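Student: I have a new structure open and would like to talk through its chain contact and its backbone. Could you take the questions one by one with me?

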Protein chains: 2
Amino acid sequence: MLNTDVRLIEMKSDKEVTIYDIAEALNISASTVSRGLRDHPSVRKVTKKKIMIVANKMGYQHNKFASNLRKKHTNMIGVVLPRLDSYFQSTIISGMEKEANKAGYNLIISQSQESIKKERASILTMFNSRVDGLLVSLAYDTENLDHLDIFFKKKIPVIFFDRVYDQSECTNIVIDNFKAGYDVTKHLIEQGCRRILHLGGNLLRNLYSDRFRGYKQALLDNGVPFDQDLVFIDRLNEEAGINTVKEILKMKIPPDGIFTVNDTTAATIICKLKEASIRVPDDIAVAGFNNDPISRVVDPNLTTINYPGEKMGEIAASTLIHKLKKLKTVNTNTIILHHELIIRQSSLRKR
Amino acid sequence: MLNTDVRLIEMKSDKEVTIYDIAEALNISASTVSRGLRDHPSVRKVTKKKIMIVANKMGYQHNKFASNLRKKHTNMIGVVLPRLDSYFQSTIISGMEKEANKAGYNLIISQSQESIKKERASILTMFNSRVDGLLVSLAYDTENLDHLDIFFKKKIPVIFFDRVYDQSECTNIVIDNFKAGYDVTKHLIEQGCRRILHLGGNLLRNLYSDRFRGYKQALLDNGVPFDQDLVFIDRLNEEAGINTVKEILKMKIPPDGIFTVNDTTAATIICKLKEASIRVPDDIAVAGFNNDPISRVVDPNLTTINYPGEKMGEIAASTLIHKLKKLKTVNTNTIILHHELIIRQSSLRKR
DNA sequence: CTGTTAGCGCTTTCAT
DNA sequence: ATGAAAGCGCTAACAG
């Protein structure tokens with residue numbers, strides 16, 4: 001008696017319970033079980049109920065795998081992005097995961113670590129895993145889209161977000177980085193800044209080049225001379241902030257304003273300036289980008305651009321899902337999300 | 001002529017190229033192709049080379065799916081964690097992704113949004129996706145591990161990190177939260193604090209209860225009376241920080257020290273205290289937890305505990321992978337990572 | 001409403 | 001060293 005019990009339990013834990021087992025137990029066909037389990041309309045309610053009960057009793061668990069192999073889609077969305085180590089990136093993922101989850105999709109995530117080489121590998125893995133669609137934010141040094149050809153050839157939808165590729169046929173999801181750069185710079189000028197340092201990222205990437213263009217245009221429109229010596233291009237980490245302040249301390253005529261395209265770096269800059277007894281905003285006004293929590297905590301609070309990260313993630317995912325479900329959508333090739341300038345003390349001079 | 005071309009292209013883009021196609025093209029069997037592709041020893045080098053060349057030419061891409069269905073494993077690791085919207089969480093994921101990637105595994109990630117209900121759903125999805133193993137950080141209100149039974153029954157390895165479950169048989173990866181809480185509190189006492197407010201999280205979760213116990217023990221060991229009125233349990237967001245300061249302002253005898261188990265909240269508290277003209281650290285010393293970048297930027301800089309997030313992610317993933325590969329490892333049931341107290345100005349009183 | 005049949009693409013004995 | 005055959009678990013035509 002005890003023996004049989006044990007054997008039963010062991011069978012349960014080792015072998016997968018399949019729809020065939022259920023079919024056998026109920027003396028019906030596997031297809032009916034398959035249909036019943038998925039609540040297909042053409043199965044009698046009674047039969048469905050029976051199937052459900054037996055399935056539960058036997059500990060049946062749907063095998064997505066087999067199902068996917070057959071159906072030729074996976075309900076998985078691949079996400080490839082540079083890094084996953086900032087508040088900003090994680091809000092994007094958070095938004096994506098929410099939307100995907102709602103629609104029954106799962107996210108499979110891979111970091112390119114800002115390198116095209118890893119990006120290439122990640123994208124290949126995604127392909128081999130047969131993701132239904134891909135969400136991509138490009139690495140620092142990606143120069144073309146060759147590595148995505150496998151996706152394009154098979155017409156698997158690819159959507160870019162944040163760091164997009166301008167000449168691509170895919171949907172791009174961005175904010176108006178030009179205008180954002182313009183807005184920040186204009187604001188600094190209005191506060192009386194005449195020598196505004198710009199710390200940006202690789203101009204290969206749309207967002208950095210657009211912000212830079214916005215910066216230049218605002219200078220031009222307001223009769224402030226552009227000075228190439230005030231433009232710094234760097235990886236945008238804490239170190240970049242530290243270096244920038246070092247450079248500033250060496251300058252004969254220091255800047256009176258700084259526009260950095262990232263809050264973490266901006267916050268570091270503020271701290272370092274204060275250490276060097278430079279007053280913010282009176283000696284140098286500072287503005288960042290992203291509206292990271294850090295911007296509300298640094299003293300003085302950081303003027304910044306509110307970047308709707310969570311929203312961007314949500315929209316990226318839901319746009320992709322729409323495509324996957326072939327719902328007729330307005331075929332916008334570029335979706336521009338709303339940003340706004342948040343003015344705080346780091347740039348606000350008393351008159 | 002044009003017609004055939006078009007048809008050829010369409011065939012390419014629509015139909016999957018399978019090992020059968022390669023086999024046919026080379027007049028060998030599919031099994032040989034399969035073996036050749038995986039560099040199996042019992043295939044002649046010449047044949048292998050031929051297979052590779054044709055495979056490339058035909059644009060063959062391995063189908064993980066079919067392979068997985070057959071091999072009964074997926075090379076996927078499921079990650080279920082409360083949220084993905086803080087620096088801290090994302091460093092953990094970052095570490096996991098690195099290790100997993102190195103070993104040829106992919107991460108599939110799901111947020112429980114701090115709710116047991118979503119946690120249950122996520123875990124079921126993971127199971128249905130037949131992940132090879134699971135990495136879990138428990139939601140705020142999870143009270144037992146029933147929803148993981150499906151994994152336990154099938155002996156699929158589950159590892160907990162950060163928010164673990166003490167009575168579980170699984171490997172837990174944590175820091176010594178008791179000692180960390182103790183260290184912080186002791187330090188505050190050494191700085192002269194006698195009324196230390198503790199803002200913590202749900203005591204159901206090991207990390208919060210351990211930190212709280214550490215706090216109490218440090219008080220006891222140093223002859224500082226414990227006062228239940230100085231213990232606040234809350235969700236640990238910015239709002240909690242704001243509320244805490246509101247409460248403090250109402251107190252007849254305010255605290256002279258605060259130990260919050262999270263840097264974002266601690267930073268918010270410092271800002272709000274300053275707004276209320278309370279000096280930090282002279283009136284109230286403040287200490288946080290995690291060593292988030294925010295702690296280095298808030299003024300005064302925040303005393304905190306360095307929490308090795310990235311490392312925790314790496315170790316969680318690599319431990320799981322070891323188990324999956326059935327490598328004999330020291331069967332540590334709990335892995336305790338090293339933390340350290342980082343003393344900064346927010347708690348450092350001049351003598 | 002239900003059953004039969006034929007795969008999805010790959011891997012793995014077991015032969016040869 | 002290679003091939004034939006069976007099957008992982010599920011789904012979708014098609015037929016009744």
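Tutor: Gladly! Let us begin with a definition: helices (H or I, at least four residues) and strands (E, at least two) are DSSP runs, numbered from the N terminus. Keep in mind that this is a predicted model.

Student: In which loop does A:Gln113 lie?

Tutor: A:Gln113 is not a glycine, yet its phi is positive, about 50°. It sits in a loop of chain A, the one between β2 and α7.

Student: Is A:Gln113 buried, exposed or partly exposed?

Tutor: A residue is buried if 20 or more other C-beta atoms lie within 10 Å of its own, and exposed if 12 or fewer. A:Gln113 has 18 other C-beta atoms within 10 Å, so A:Gln113 is partly exposed.

Student: What is the phi of A:Asn75?

Tutor: Most residues other than glycine have a negative phi. A:Asn75, in the loop between α5 and β1 (76–81) of chain A, is partly exposed, with 18 other C-beta atoms within 10 Å. A:Asn75 is not a glycine, although its phi is positive, at about 55°.

Student: Now to the contact between the chains. Which element gives the largest share of the side of chain A that touches chain B?

Tutor: The contact takes 45 residues from chain A and 44 residues from chain B. On the side of chain A, several elements each supply at least two residues, among them α5 (64–71), β2 (106–111) and α12 (263–275). The largest share, 8 residues, comes from α6(A).

Student: How many charged residues are on that side of chain A?

Tutor: Sorted by class, the side of chain A that touches chain B has 17 nonpolar and 19 polar residues. The charged residues there number 9.

Student: Which residue stands opposite A:Leu107?

Tutor: Look at β2(A) and strand β2 (residues 106–111) of chain B, which run antiparallel and are joined by 3 bridges. In β2(B), the residue opposite A:Leu107 is B:Ile109.

Student: Which residue does a cis peptide bond join to B:Val280?

Tutor: Most peptide bonds are trans. The cis bond at B:Val280 has an omega of about 5°. Its partner lies in the loop between α12 (263–275) and β9 (285–287) of chain B, and that partner is B:Pro281.

Student: And where does A:Pro300 lie?

Tutor: The peptide bond from A:Asp299 to A:Pro300 is cis, with omega near 0°. In chain A, A:Pro300 belongs to the loop between β9 (285–287) and β10 (304–306).

How values were computed
Residues numbered from 1 in each chain as written. Chains lettered and ligands numbered in written order. Predicted model: local features only at pLDDT ≥ 70, side-chain atom pairs only at ≥ 80, totals over all residues. Contact = placed C-beta atoms within 7 Å. Nonpolar A, V, L, I, M, F, W, Y, C, P; charged D, E, K, R; others polar. Pairing = 2+ DSSP bridges.
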